[in-house]
Amino acid sequence: MSGLGQTASQSQFIASHGNRTISNGPNVPLIDNIDAEQIIVPERKSWKNLFAYIGPGFLVSIAYIDPGNFETDLQAGAQYKYELLWIILVASCAALIIQSLAAKLGVVTGKHLAEHCRAEYPKVPNFILWILAELAVVACDIPEVIGTAFALNMLFRIPVWCGVLITGLSTLMLLLLQQYGVRKLEFLIAFLVFTMASCFFVELGYAKPNSSEVLKGLFVPQLKGNGATGLAISLLGAMVMPHNLFLHSALVLSRKIPRSIHGIKEAYRFYTIESALALFVAFLINVSVISVSGAVCSSDNLSPEDQRNCEDLDLNKASFLLRNVLGKWSSKLFAFALLASGQSSTITGTYAGQYVMQGFLDLRITPWIRNMLTRSLAIVPSLIVALIGGSSAAGKLIIIASMILSFELPFALVPLLKFTSSKTKMGSYSNSIIACWFMRLQSFIWSFGKIASLPNHCGLMKLNLDRVATILALRLAIQSMLCLVRTLQACNSPKQDQH
(Lines give C-alpha, C1' and ligand atoms only; values in the text may rest on other atoms or scores of the structure.)
Protein backbone atom coordinates (compact mmCIF):
# COMPACT_ATOMS: atom_id res chain seq x y z
CA MET A 1 0.00 0.00 0.00
CA SER A 2 2.81 2.42 0.87
CA GLY A 3 4.40 1.76 -2.50
CA LEU A 4 1.14 2.57 -4.28
CA GLY A 5 0.73 5.73 -2.22
CA GLN A 6 4.23 6.82 -3.07
CA THR A 7 3.70 6.17 -6.77
CA ALA A 8 0.45 8.14 -6.75
CA SER A 9 2.09 11.06 -5.01
CA GLN A 10 4.94 11.05 -7.50
CA SER A 11 2.60 11.36 -10.45
CA GLN A 12 0.69 14.18 -8.79
CA PHE A 13 3.56 16.64 -8.51
CA ILE A 14 4.89 17.89 -11.83
CA ALA A 15 7.57 20.48 -12.61
CA SER A 16 7.22 22.57 -15.75
CA HIS A 17 10.13 24.10 -17.68
CA GLY A 18 9.06 26.17 -20.65
CA ASN A 19 7.12 23.91 -22.98
CA ARG A 20 8.46 20.77 -21.34
CA THR A 21 6.76 18.86 -18.56
CA ILE A 22 9.11 16.84 -16.42
CA SER A 23 8.22 14.52 -13.60
CA ASN A 24 10.39 14.78 -10.52
CA GLY A 25 12.35 11.58 -10.99
CA PRO A 26 15.45 10.77 -9.02
CA ASN A 27 17.85 12.38 -11.49
CA VAL A 28 15.69 15.22 -12.84
CA PRO A 29 16.40 18.75 -11.60
CA LEU A 30 13.68 21.10 -10.40
CA ILE A 31 15.22 24.45 -11.30
CA ASP A 32 18.09 25.21 -13.62
CA ASN A 33 21.29 26.57 -12.00
CA ILE A 34 20.32 25.12 -8.61
CA ASP A 35 20.43 21.42 -9.23
CA ALA A 36 24.17 21.19 -9.67
CA GLU A 37 24.28 21.92 -5.95
CA GLN A 38 20.96 20.27 -5.08
CA ILE A 39 21.03 18.71 -1.62
CA ILE A 40 19.55 15.22 -1.44
CA VAL A 41 17.42 14.67 1.66
CA PRO A 42 17.31 11.02 2.77
CA GLU A 43 13.90 9.41 3.26
CA ARG A 44 14.03 8.70 6.96
CA LYS A 45 12.00 9.76 9.97
CA SER A 46 14.54 11.77 11.93
CA TRP A 47 14.98 15.28 13.28
CA LYS A 48 18.48 15.17 11.80
CA ASN A 49 16.85 15.96 8.46
CA LEU A 50 16.18 19.47 9.78
CA PHE A 51 19.83 20.39 9.20
CA ALA A 52 19.48 19.51 5.52
CA TYR A 53 16.64 22.03 5.19
CA ILE A 54 18.37 24.91 6.99
CA GLY A 55 19.46 27.63 4.56
CA PRO A 56 16.65 29.05 2.39
CA GLY A 57 14.95 30.68 5.37
CA PHE A 58 18.10 32.58 6.32
CA LEU A 59 18.58 33.73 2.72
CA VAL A 60 15.02 35.03 2.77
CA SER A 61 15.44 36.61 6.24
CA ILE A 62 18.12 38.96 4.87
CA ALA A 63 15.28 40.99 3.34
CA TYR A 64 13.98 41.61 6.88
CA ILE A 65 17.26 43.14 8.09
CA ASP A 66 18.46 45.01 5.03
CA PRO A 67 19.39 48.73 5.01
CA GLY A 68 15.75 49.62 4.37
CA ASN A 69 14.75 47.96 7.63
CA PHE A 70 17.58 49.67 9.53
CA GLU A 71 16.50 53.07 8.19
CA THR A 72 12.84 52.69 9.16
CA ASP A 73 13.71 51.06 12.51
CA LEU A 74 16.05 53.90 13.44
CA GLN A 75 13.48 56.55 12.59
CA ALA A 76 10.70 54.68 14.40
CA GLY A 77 12.76 54.49 17.59
CA ALA A 78 14.06 58.06 17.40
CA GLN A 79 10.64 59.62 16.75
CA TYR A 80 8.22 57.36 18.64
CA LYS A 81 10.47 55.45 21.05
CA TYR A 82 8.89 51.97 21.55
CA GLU A 83 5.36 52.79 20.35
CA LEU A 84 5.73 51.08 16.95
CA LEU A 85 7.25 47.81 18.19
CA TRP A 86 3.86 46.11 17.80
CA ILE A 87 4.13 46.69 14.05
CA ILE A 88 7.29 44.56 14.01
CA LEU A 89 5.51 41.79 15.93
CA VAL A 90 2.47 41.81 13.62
CA ALA A 91 4.61 41.97 10.50
CA SER A 92 6.84 39.11 11.69
CA CYS A 93 3.84 36.85 12.41
CA ALA A 94 2.29 37.70 9.04
CA ALA A 95 5.65 37.13 7.35
CA LEU A 96 5.93 33.64 8.83
CA ILE A 97 2.47 32.69 7.52
CA ILE A 98 3.15 34.14 4.08
CA GLN A 99 6.64 32.67 3.74
CA SER A 100 5.41 29.24 4.85
CA LEU A 101 2.79 29.36 2.08
CA ALA A 102 5.49 30.22 -0.46
CA ALA A 103 7.61 27.32 0.75
CA LYS A 104 4.63 24.96 0.64
CA LEU A 105 3.85 25.93 -2.96
CA GLY A 106 7.38 25.05 -4.08
CA VAL A 107 7.61 21.84 -2.04
CA VAL A 108 4.27 20.40 -3.09
CA THR A 109 4.15 21.37 -6.77
CA GLY A 110 7.85 21.40 -7.68
CA LYS A 111 7.41 24.83 -9.34
CA HIS A 112 7.96 28.30 -7.94
CA LEU A 113 5.45 31.16 -7.84
CA ALA A 114 6.53 32.94 -11.05
CA GLU A 115 6.23 29.70 -13.05
CA HIS A 116 2.71 29.16 -11.73
CA CYS A 117 1.75 32.72 -12.73
CA ARG A 118 2.95 32.14 -16.29
CA ALA A 119 1.03 28.86 -16.54
CA GLU A 120 -2.15 30.21 -14.92
CA TYR A 121 -2.77 33.75 -16.21
CA PRO A 122 -3.36 35.17 -19.70
CA LYS A 123 -0.64 37.26 -21.32
CA VAL A 124 -1.81 40.72 -20.20
CA PRO A 125 -2.21 40.00 -16.45
CA ASN A 126 0.98 37.94 -16.55
CA PHE A 127 2.88 40.83 -18.17
CA ILE A 128 1.56 43.27 -15.57
CA LEU A 129 2.57 40.94 -12.76
CA TRP A 130 6.04 40.62 -14.25
CA ILE A 131 6.45 44.42 -14.47
CA LEU A 132 5.30 44.81 -10.85
CA ALA A 133 7.64 42.05 -9.69
CA GLU A 134 10.58 43.65 -11.48
CA LEU A 135 9.65 47.02 -9.96
CA ALA A 136 9.63 45.38 -6.54
CA VAL A 137 13.15 44.01 -7.10
CA VAL A 138 14.36 47.48 -8.13
CA ALA A 139 12.62 49.10 -5.12
CA CYS A 140 14.33 46.54 -2.91
CA ASP A 141 17.69 47.36 -4.49
CA ILE A 142 17.44 51.11 -3.80
CA PRO A 143 17.98 50.78 0.00
CA GLU A 144 20.88 48.41 -0.69
CA VAL A 145 22.50 50.97 -3.02
CA ILE A 146 22.05 53.84 -0.58
CA GLY A 147 23.01 51.76 2.45
CA THR A 148 26.22 50.62 0.76
CA ALA A 149 26.97 54.23 -0.23
CA PHE A 150 26.51 55.32 3.40
CA ALA A 151 28.83 52.52 4.53
CA LEU A 152 31.53 53.60 2.09
CA ASN A 153 31.11 57.17 3.28
CA MET A 154 31.69 56.14 6.89
CA LEU A 155 34.60 53.86 6.05
CA PHE A 156 36.51 55.94 3.50
CA ARG A 157 34.84 59.40 3.55
CA ILE A 158 33.67 58.88 -0.02
CA PRO A 159 30.82 61.24 -1.01
CA VAL A 160 27.44 59.53 -1.01
CA TRP A 161 26.88 60.14 -4.73
CA CYS A 162 30.26 58.53 -5.53
CA GLY A 163 29.39 55.60 -3.28
CA VAL A 164 26.17 55.12 -5.24
CA LEU A 165 28.20 54.70 -8.42
CA ILE A 166 30.69 52.35 -6.78
CA THR A 167 27.93 49.99 -5.64
CA GLY A 168 27.62 48.76 -9.21
CA LEU A 169 30.89 46.89 -8.66
CA SER A 170 29.23 44.64 -6.06
CA THR A 171 28.34 42.36 -8.96
CA LEU A 172 31.94 41.13 -8.91
CA MET A 173 31.58 40.12 -5.26
CA LEU A 174 28.38 38.27 -6.07
CA LEU A 175 30.07 36.32 -8.85
CA LEU A 176 32.92 35.40 -6.50
CA LEU A 177 30.48 34.03 -3.93
CA GLN A 178 28.39 32.09 -6.44
CA GLN A 179 31.25 29.89 -7.56
CA TYR A 180 31.44 28.27 -4.10
CA GLY A 181 27.91 26.86 -4.33
CA VAL A 182 24.54 27.45 -2.71
CA ARG A 183 25.27 25.63 0.55
CA LYS A 184 28.37 27.68 1.38
CA LEU A 185 26.51 30.83 0.41
CA GLU A 186 23.74 29.94 2.87
CA PHE A 187 26.26 29.49 5.68
CA LEU A 188 27.87 32.83 4.83
CA ILE A 189 24.52 34.60 4.93
CA ALA A 190 23.68 32.98 8.29
CA PHE A 191 27.06 34.13 9.64
CA LEU A 192 26.39 37.70 8.49
CA VAL A 193 22.94 37.64 10.11
CA PHE A 194 24.32 36.60 13.49
CA THR A 195 27.22 39.06 13.19
CA MET A 196 24.82 41.97 12.66
CA ALA A 197 22.65 40.71 15.51
CA SER A 198 25.51 40.58 18.01
CA CYS A 199 26.30 44.31 17.69
CA PHE A 200 22.79 45.44 18.52
CA PHE A 201 22.23 42.77 21.18
CA VAL A 202 25.30 43.99 23.09
CA GLU A 203 24.29 47.64 22.64
CA LEU A 204 20.81 46.73 23.87
CA GLY A 205 22.39 45.63 27.15
CA TYR A 206 24.22 48.96 27.46
CA ALA A 207 21.23 51.08 26.46
CA LYS A 208 19.03 49.37 29.08
CA PRO A 209 15.60 50.28 27.68
CA ASN A 210 12.68 50.19 30.10
CA SER A 211 11.40 46.60 29.84
CA SER A 212 7.81 47.51 30.74
CA GLU A 213 7.71 50.19 28.03
CA VAL A 214 9.18 47.76 25.51
CA LEU A 215 6.55 45.11 26.35
CA LYS A 216 3.81 47.74 26.14
CA GLY A 217 5.09 48.80 22.73
CA LEU A 218 5.08 45.16 21.57
CA PHE A 219 1.58 44.23 22.68
CA VAL A 220 -0.43 47.50 22.87
CA PRO A 221 -1.17 48.91 19.37
CA GLN A 222 -0.98 52.69 19.17
CA LEU A 223 -0.38 55.33 16.51
CA LYS A 224 0.22 58.74 18.04
CA GLY A 225 1.54 61.89 16.44
CA ASN A 226 1.83 63.17 12.90
CA GLY A 227 3.50 60.74 10.55
CA ALA A 228 3.11 57.69 12.80
CA THR A 229 0.76 55.97 10.36
CA GLY A 230 3.05 56.55 7.40
CA LEU A 231 6.10 55.29 9.29
CA ALA A 232 4.14 52.26 10.48
CA ILE A 233 3.26 51.42 6.88
CA SER A 234 6.91 51.86 5.93
CA LEU A 235 7.85 49.37 8.66
CA LEU A 236 5.37 46.90 7.17
CA GLY A 237 6.72 47.46 3.69
CA ALA A 238 10.30 47.00 4.84
CA MET A 239 9.41 43.78 6.70
CA VAL A 240 7.23 41.92 4.18
CA MET A 241 8.59 42.22 0.65
CA PRO A 242 6.82 40.84 -2.44
CA HIS A 243 9.96 39.53 -4.15
CA ASN A 244 10.56 37.30 -1.13
CA LEU A 245 7.53 35.19 -2.06
CA PHE A 246 9.01 34.43 -5.48
CA LEU A 247 12.42 33.81 -3.94
CA HIS A 248 11.34 31.47 -1.14
CA SER A 249 9.15 29.31 -3.37
CA ALA A 250 12.21 28.81 -5.62
CA LEU A 251 14.90 28.34 -2.99
CA VAL A 252 13.12 25.38 -1.39
CA LEU A 253 13.67 23.53 -4.65
CA SER A 254 17.41 23.45 -3.91
CA ARG A 255 16.64 20.30 -1.89
CA LYS A 256 15.76 17.05 -3.59
CA ILE A 257 13.14 15.73 -1.19
CA PRO A 258 11.50 12.30 -1.22
CA ARG A 259 8.32 12.61 -3.32
CA SER A 260 6.32 10.51 -0.89
CA ILE A 261 3.50 11.77 1.31
CA HIS A 262 5.74 11.61 4.37
CA GLY A 263 8.63 13.27 2.54
CA ILE A 264 6.51 16.23 1.42
CA LYS A 265 4.95 16.70 4.85
CA GLU A 266 8.34 16.53 6.52
CA ALA A 267 9.84 19.03 4.07
CA TYR A 268 7.02 21.52 4.64
CA ARG A 269 7.24 21.09 8.43
CA PHE A 270 11.01 21.55 8.55
CA TYR A 271 10.96 24.50 6.15
CA THR A 272 8.36 26.15 8.41
CA ILE A 273 10.51 25.52 11.49
CA GLU A 274 13.58 26.86 9.71
CA SER A 275 11.69 29.95 8.52
CA ALA A 276 10.39 30.55 12.04
CA LEU A 277 13.93 30.39 13.44
CA ALA A 278 15.35 32.75 10.83
CA LEU A 279 12.47 35.23 11.12
CA PHE A 280 12.70 35.12 14.91
CA VAL A 281 16.34 36.19 14.71
CA ALA A 282 15.34 38.96 12.27
CA PHE A 283 12.53 39.98 14.64
CA LEU A 284 14.97 40.27 17.56
CA ILE A 285 17.34 42.36 15.45
CA ASN A 286 14.58 44.78 14.43
CA VAL A 287 13.30 45.06 17.99
CA SER A 288 16.86 45.69 19.19
CA VAL A 289 17.46 48.44 16.61
CA ILE A 290 14.22 50.23 17.52
CA SER A 291 14.82 49.79 21.26
CA VAL A 292 18.41 51.05 21.08
CA SER A 293 17.38 54.02 18.95
CA GLY A 294 14.47 54.82 21.26
CA ALA A 295 16.49 54.45 24.46
CA VAL A 296 19.48 56.48 23.26
CA CYS A 297 17.49 59.27 21.62
CA SER A 298 15.18 59.66 24.66
CA SER A 299 18.13 59.82 27.07
CA ASP A 300 18.68 62.99 29.11
CA ASN A 301 22.46 62.76 28.74
CA LEU A 302 22.70 63.36 25.00
CA SER A 303 25.18 65.86 23.66
CA PRO A 304 23.84 68.66 21.44
CA GLU A 305 25.32 66.92 18.39
CA ASP A 306 23.62 63.61 19.22
CA GLN A 307 20.32 65.44 19.81
CA ARG A 308 20.55 66.89 16.31
CA ASN A 309 21.31 63.43 14.93
CA CYS A 310 18.22 62.00 16.64
CA GLU A 311 16.00 64.71 15.18
CA ASP A 312 16.95 63.70 11.65
CA LEU A 313 18.31 60.18 12.09
CA ASP A 314 19.37 58.15 9.07
CA LEU A 315 21.85 55.41 8.32
CA ASN A 316 24.68 57.87 7.79
CA LYS A 317 24.34 59.29 11.32
CA ALA A 318 23.38 56.19 13.29
CA SER A 319 26.85 54.98 14.27
CA PHE A 320 26.75 57.05 17.47
CA LEU A 321 24.18 54.55 18.80
CA LEU A 322 26.97 51.97 19.12
CA ARG A 323 29.44 54.33 20.79
CA ASN A 324 28.93 52.80 24.25
CA VAL A 325 30.05 49.41 22.98
CA LEU A 326 32.61 50.23 20.32
CA GLY A 327 33.97 53.64 21.30
CA LYS A 328 35.76 55.47 18.51
CA TRP A 329 35.43 52.40 16.25
CA SER A 330 31.63 52.61 16.34
CA SER A 331 31.29 54.23 12.91
CA LYS A 332 33.70 51.77 11.30
CA LEU A 333 32.09 48.60 12.59
CA PHE A 334 28.58 49.92 12.02
CA ALA A 335 29.63 50.74 8.46
CA PHE A 336 31.00 47.22 8.03
CA ALA A 337 27.72 45.71 9.30
CA LEU A 338 25.79 48.02 6.97
CA LEU A 339 28.02 47.03 4.06
CA ALA A 340 27.51 43.34 4.85
CA SER A 341 23.75 43.89 5.03
CA GLY A 342 23.64 45.69 1.68
CA GLN A 343 25.80 43.14 -0.12
CA SER A 344 24.00 40.10 1.28
CA SER A 345 20.71 41.71 0.26
CA THR A 346 22.13 42.13 -3.23
CA ILE A 347 22.60 38.36 -3.42
CA THR A 348 18.98 37.59 -2.50
CA GLY A 349 17.70 40.37 -4.77
CA THR A 350 19.63 38.98 -7.73
CA TYR A 351 18.34 35.47 -7.10
CA ALA A 352 14.77 36.80 -6.85
CA GLY A 353 15.15 38.77 -10.09
CA GLN A 354 16.53 35.73 -11.88
CA TYR A 355 13.60 33.53 -10.81
CA VAL A 356 11.08 36.26 -11.66
CA MET A 357 12.43 36.64 -15.19
CA GLN A 358 12.80 32.89 -15.72
CA GLY A 359 9.35 32.15 -14.36
CA PHE A 360 7.27 34.87 -16.02
CA LEU A 361 9.09 34.99 -19.37
CA ASP A 362 10.85 31.62 -19.51
CA LEU A 363 13.98 33.68 -20.07
CA ARG A 364 17.34 32.96 -18.45
CA ILE A 365 20.23 35.42 -18.59
CA THR A 366 23.65 35.41 -16.98
CA PRO A 367 23.34 36.38 -13.28
CA TRP A 368 25.91 39.21 -13.45
CA ILE A 369 24.04 40.78 -16.38
CA ARG A 370 20.79 40.45 -14.44
CA ASN A 371 22.42 42.06 -11.41
CA MET A 372 23.82 44.96 -13.44
CA LEU A 373 20.43 45.66 -15.06
CA THR A 374 18.65 45.78 -11.71
CA ARG A 375 21.43 47.77 -10.06
CA SER A 376 21.49 50.32 -12.91
CA LEU A 377 17.77 50.98 -12.52
CA ALA A 378 18.27 51.50 -8.78
CA ILE A 379 21.36 53.69 -9.19
CA VAL A 380 19.67 56.33 -11.37
CA PRO A 381 17.09 57.63 -8.83
CA SER A 382 19.54 57.15 -5.94
CA LEU A 383 22.22 59.17 -7.74
CA ILE A 384 19.84 62.00 -8.64
CA VAL A 385 18.53 62.27 -5.08
CA ALA A 386 22.02 62.06 -3.55
CA LEU A 387 23.33 64.81 -5.85
CA ILE A 388 20.39 67.16 -5.25
CA GLY A 389 19.45 66.49 -1.62
CA GLY A 390 22.49 64.83 -0.07
CA SER A 391 22.42 62.02 2.50
CA SER A 392 19.24 63.26 4.19
CA ALA A 393 17.22 63.07 0.95
CA ALA A 394 18.78 59.69 0.16
CA GLY A 395 17.55 58.43 3.50
CA LYS A 396 14.03 59.58 2.69
CA LEU A 397 14.25 57.73 -0.64
CA ILE A 398 14.69 54.51 1.36
CA ILE A 399 11.36 55.19 3.10
CA ILE A 400 9.64 55.80 -0.25
CA ALA A 401 11.09 52.56 -1.65
CA SER A 402 9.73 50.68 1.38
CA MET A 403 6.28 52.12 0.77
CA ILE A 404 6.43 51.03 -2.89
CA LEU A 405 7.22 47.51 -1.72
CA SER A 406 4.30 47.49 0.71
CA PHE A 407 1.96 48.72 -2.05
CA GLU A 408 3.02 45.87 -4.35
CA LEU A 409 2.70 43.05 -1.83
CA PRO A 410 -0.92 42.10 -2.75
CA PHE A 411 0.09 41.44 -6.36
CA ALA A 412 2.34 38.63 -5.17
CA LEU A 413 0.18 37.61 -2.22
CA VAL A 414 -3.07 37.15 -4.15
CA PRO A 415 -1.61 34.69 -6.71
CA LEU A 416 0.16 32.84 -3.90
CA LEU A 417 -3.08 32.52 -1.97
CA LYS A 418 -4.96 31.42 -5.08
CA PHE A 419 -2.46 28.72 -5.99
CA THR A 420 -2.03 27.34 -2.47
CA SER A 421 -5.83 27.17 -2.13
CA SER A 422 -6.24 25.21 -5.38
CA LYS A 423 -7.14 21.55 -4.92
CA THR A 424 -5.91 20.90 -8.46
CA LYS A 425 -2.42 22.17 -7.71
CA MET A 426 -2.03 21.32 -4.04
CA GLY A 427 -4.29 18.31 -3.52
CA SER A 428 -4.70 17.57 0.18
CA TYR A 429 -2.15 20.26 1.02
CA SER A 430 -4.41 23.15 -0.09
CA ASN A 431 -5.34 25.91 2.34
CA SER A 432 -8.41 25.61 4.53
CA ILE A 433 -11.41 27.88 3.98
CA ILE A 434 -10.65 29.82 7.17
CA ALA A 435 -7.07 30.42 6.05
CA CYS A 436 -8.26 31.58 2.62
CA TRP A 437 -10.64 34.19 4.01
CA PHE A 438 -8.12 35.34 6.60
CA MET A 439 -5.46 35.92 3.96
CA ARG A 440 -7.92 37.68 1.65
CA LEU A 441 -8.93 40.03 4.47
CA GLN A 442 -5.29 40.65 5.32
CA SER A 443 -4.48 41.40 1.69
CA PHE A 444 -7.37 43.88 1.40
CA ILE A 445 -6.51 45.69 4.65
CA TRP A 446 -2.86 45.83 3.63
CA SER A 447 -3.67 47.26 0.21
CA PHE A 448 -6.09 49.90 1.46
CA GLY A 449 -3.87 50.95 4.34
CA LYS A 450 -0.82 51.49 2.17
CA ILE A 451 -2.59 53.68 -0.40
CA ALA A 452 -4.47 55.66 2.25
CA SER A 453 -1.21 56.50 4.05
CA LEU A 454 0.64 57.82 0.99
CA PRO A 455 -0.62 61.45 1.11
CA ASN A 456 0.17 61.83 4.81
CA HIS A 457 3.62 60.30 4.67
CA CYS A 458 4.76 61.88 1.42
CA GLY A 459 3.51 65.29 2.50
CA LEU A 460 0.94 65.71 -0.28
CA MET A 461 -1.70 67.15 2.07
CA LYS A 462 0.78 69.66 3.51
CA LEU A 463 1.48 71.15 0.09
CA ASN A 464 -0.73 73.64 -1.72
CA LEU A 465 -2.20 70.97 -3.94
CA ASP A 466 -5.79 70.43 -4.88
CA ARG A 467 -7.06 67.96 -2.27
CA VAL A 468 -9.93 66.89 -4.49
CA ALA A 469 -7.50 65.86 -7.22
CA THR A 470 -5.45 63.95 -4.63
CA ILE A 471 -8.52 62.07 -3.38
CA LEU A 472 -9.63 61.25 -6.93
CA ALA A 473 -6.16 59.96 -7.78
CA LEU A 474 -6.19 57.75 -4.70
CA ARG A 475 -9.64 56.47 -5.56
CA LEU A 476 -8.50 55.61 -9.08
CA ALA A 477 -5.43 53.82 -7.67
CA ILE A 478 -7.58 51.79 -5.27
CA GLN A 479 -10.07 50.86 -8.00
CA SER A 480 -7.26 49.85 -10.36
CA MET A 481 -5.64 47.70 -7.69
CA LEU A 482 -8.89 45.97 -6.74
CA CYS A 483 -9.70 45.39 -10.41
CA LEU A 484 -6.39 43.67 -11.01
CA VAL A 485 -6.72 41.68 -7.78
CA ARG A 486 -10.18 40.44 -8.85
CA THR A 487 -8.73 39.51 -12.23
CA LEU A 488 -5.95 37.52 -10.59
CA GLN A 489 -8.44 35.69 -8.39
CA ALA A 490 -10.79 34.87 -11.25
CA CYS A 491 -8.40 33.86 -14.05
CA ASN A 492 -8.11 30.18 -14.85
CA SER A 493 -5.86 28.78 -17.53
CA PRO A 494 -7.05 26.22 -20.08
CA LYS A 495 -4.32 23.87 -18.81
CA GLN A 496 -5.82 23.83 -15.35
CA ASP A 497 -9.33 23.26 -16.61
CA GLN A 498 -8.15 20.20 -18.52
CA HIS A 499 -6.90 18.69 -15.29
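This report walks through a helix, a surface patch and a disulfide in a predicted model.

## Before we start

Residues are numbered from 1 along each chain as its sequence is written, and side-chain values use heavy atoms, leaving out hydrogens and water. Because the model is predicted, local features need pLDDT of at least 70 and side-chain atom pairs count only at pLDDT 80 or more, while totals for chains, interfaces and linings use all residues.

## Helix α5 and Leu105

Let's begin with α5, a helix covering residues 85–109. Helices here are DSSP runs of H or I with at least four residues, numbered from the N terminus. With 25 residues at 1.5 Å a residue, α5 should span 36 Å, and its end C-alpha atoms are indeed 36 Å apart; the expected span is 1.5 Å times one less than the number of residues. Of the 25 residues in α5, 20 are buried. Buried means under 20% relative accessible area, exposed means over 50%, and partly exposed lies in between (1.4 Å probe, protein chains only). Just after the helix, Gly110 takes a positive phi of about 75°.

Leu105 sits in α5 and is buried, with a relative accessible area of 0%. Which residues does Leu105 touch, not counting those up to four places away in sequence? They are Gly110, Lys111, Leu113, His116, Leu416, Phe419, Thr420 and Met426, where contact means heavy atoms within 4.5 Å. Leu105 and Val252 are 147 residues apart in sequence, yet their C-alpha atoms are 9.4 Å apart in space.

## A nonpolar patch on the surface

Now for the outside: Trp161, Leu165, Val380, Ile384, Leu387 and Ile388 make a nonpolar surface patch of about 620 Å². The elements giving two or more residues to this patch are α8 (160–166) and α18 (367–420). The largest share, four residues, comes from α18. Leu165 belongs to α8 and is partly exposed, at 44% relative accessible area.

Patch residues have over 30% relative accessible area and no salt bridge; nonpolar side chains (Val, Leu, Ile, Met, Phe, Trp, Tyr) are joined within 5 Å, and like charges within 9 Å. A salt bridge is a side-chain nitrogen of Lys or Arg within 4 Å of a carboxyl oxygen of Asp or Glu. The areas come from the Shrake-Rupley method with a 1.4 Å probe, and for residues only the protein chains shown count as cover.

## One disulfide

A disulfide is a pair of cysteine sulfur atoms within 2.5 Å, and by this rule the count is one. Cys297 and Cys310 form it, with their sulfur atoms 2.1 Å apart. Cys297 lies in α14 (residues 261–297) and Cys310 in α15 (residues 304–311), so the pair ties together parts that are 13 residues apart in sequence. The torsion about their S-S bond is about -80°, so the disulfide is left-handed.
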